[in-house]
Amino acid sequence: MVVFCSPTSLSWTHFISSSLHIPQSFSVGETNRFRVFCGAAPSQRDNHMAVSVTGATGFIGKRLVQRLHADNHNVCVLTRSKSKAELIFPVKNFPGIIIAEEAGWKDCIEGSNAVVNLAGMPISTRWSPEIKKEIKQSRIRVTSKVVDLINNSPQGVQPTVLVSATAVGYYGTSETRVFDESSPSGNDYLAEVCREWEATALKVNKDVRLALIRIGVVLGKDGGALAKMIPLFMMFAGGPLGSGQQWFSWIHLEDIVNLIYEALSNPSYRGVYSSIHQLDHCSCFPYKSVFIMLIDFFHMFILLLFTKISGVINGTAPNPVRLSEMCDQLGNVMGRPSWLPVPDFALKAVLGEGASVVLEGQKVLPAKAKELGFPFKYPYVKDALKSILS
């Protein structure tokens, strides 16, 4: 079956398998596969994107898909639960969106010119050895699958852009240091997770533009840390966690979505294919000396750990605050006091090792985003909270 569509509907010129969710306005009939052909003026094609998104049902992913759909881009939601995705993106509100379980990811990615990778298990839970393993593997497994599908895409249908999430946990924690994209990685568990997460994304084909975004604490009303804090403040039971002196590197949900969106469309947001990725492509392999090869490998490994990767962008607001100030500002906006701190031992009793996520922090600055001229709509936490709670 051949489907012809306008630029405002499907524009993917590739086979879409029957494992995908097709909008109700299309009928597959007796065939198991159909092909989509679309016509658009060159200027329309230049500004039009077909984007596949992992983690699309999450806090950031939902808003990103809404933004892409509102701007008439084609979106494929890459999910492990079609039923969950259909509830979040009903056909009547999101016509044209394709929902694909894992069997259909290949067709979606080959029909896209960009991929956004946001998938990963939440970390704000009690960490058992099994949970810690899944926190890491959930990120590496999906990233590896996405990278493999991109790398194995035939010439001509391979996506040209990969925007892959990582986190400010890369830097470790400190109450005194200031981190930007040139800072080395930390030595705790979350830093290890982020290093392996980024190293997996860096294996993407050298012809694909890669942007890694180290995301801070995302503020929004319907998810993330703020959604858990608001009810406590409403009951006059709000206050800082632990000492309150830990740094809180935050970003408004709208700003992180805009940053990802800009990374999709702006070629200045570009990765540098060094470190582990370049071991597959660099000229060091013709060396006859195994000893020299080992030295070269070690040198590249050190680069990955301790030097700047210019394709990394910190997804944080330019004015991080101490957690105590964050809670004071939240209380002021809500007309509630911030007077009831939660002691360290109570959090550790509930979350165990996972309490480090909220008891420790890092002051992270978005040097790369500012250098690229990204316009933060909410640079100050007070304004961000007012917009969210108004």
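Let me begin with a definition, since the opening figure depends on it: a contact here means heavy atoms within 4.5 Å. Among the contacts in this protein with a separation of 6 or more, 79% are made by residues 24 or more positions apart. What you have in front of you is a predicted model, in which local features need pLDDT of at least 70 and side-chain atom pairs count only at pLDDT 80 or more, while totals for chains, interfaces and linings use all residues. Residues are numbered from 1 along each chain as its sequence is written, and side-chain values use heavy atoms, with hydrogens and water left out.

First, the overall picture. The protein has 15 helices and 17 strands, where helices (H or I, at least four residues) and strands (E, at least two) are DSSP runs, numbered from the N terminus. Of the 390 residues, 49% are buried; buried means under 20% relative accessible area, exposed means over 50%, and partly exposed is what lies in between, with a 1.4 Å probe and protein chains only. The accessible surface comes to about 18,000 Å², and 56% of that belongs to carbon and sulfur atoms; these areas come from the Shrake-Rupley method with a 1.4 Å probe, and for residues only the protein chains shown count as cover.

Let me turn to helix α5, which covers residues 129-151. The helix has 23 residues and, at 1.5 Å a residue, should span 33 Å, and its end C-alpha atoms are 32 Å apart, which agrees; the expected span is 1.5 Å times one less than the number of residues. There is, however, a kink of about 25 degrees in α5, centred on Q137, the bend at a residue being the angle between axes fitted to the seven residues ending there and the seven starting there. Several residues of α5 are buried, among them I135, K136, I140, V146 and L149. Which elements do the buried residues of α5 pack against? They pack against β5 (50-54), α4, β8 (114-117), β9 (161-167) and α6.

The contact with α6 brings me to the salt bridges, of which the structure holds twelve; a salt bridge is a side-chain nitrogen of Lys or Arg within 4 Å of a carboxyl oxygen of Asp or Glu. K136 and E192 meet in one of them, at 2.4 Å from N to O, and this pair links distant parts of the chain, with K136 in helix α5 and E192 in helix α6 (residues 189-201), 56 residues apart. K136 also meets E196 in a salt bridge, at 3.2 Å from N to O, and here the two partners, again in α5 and α6, are 60 residues apart. Is K136 buried or exposed? At 13% relative accessibility, K136 counts as buried, whereas E192, at 31%, counts as partly exposed, and E196, at 31%, also counts as partly exposed.

A further salt bridge joins E102 and R80, with the closest N and O atoms 3.8 Å apart. This pair, too, links distant parts of the chain, since E102 lies in the loop between β7 (98-100) and α4 (105-110) and R80 in the loop between β6 (74-78) and α3 (82-88), 22 residues apart. E102 counts as partly exposed at 36% relative accessibility, and R80 counts as exposed at 57%. Salt bridges that share partners join R80, E102 and K145 into one network.

Now the cysteines. A disulfide is a covalent bond between the sulfur atoms of two cysteines. Taking a disulfide as a pair of cysteine sulfur atoms within 2.5 Å, the count comes to one: C76 is joined to C108, with an S to S distance of 1.9 Å. C76 lies in strand β6 and C108 in helix α4, so the link ties together parts that are 32 residues apart in sequence. The link is right-handed, with 70 degrees about the S-S bond, and both C76 and C108 are buried. As for other cysteines, C194 is buried at a relative accessible area of 3%, and C327 is buried at 1%.

I will finish with R336, in the loop between α11 (323-334) and α12 (344-351). R336 is partly exposed, with a relative accessible area of 22%. Not counting residues up to four places away in sequence, R336 touches F233, M234, F236 and G331. R336 and L232 are 104 residues apart in sequence, and their C-alpha atoms are 9.9 Å apart in space.
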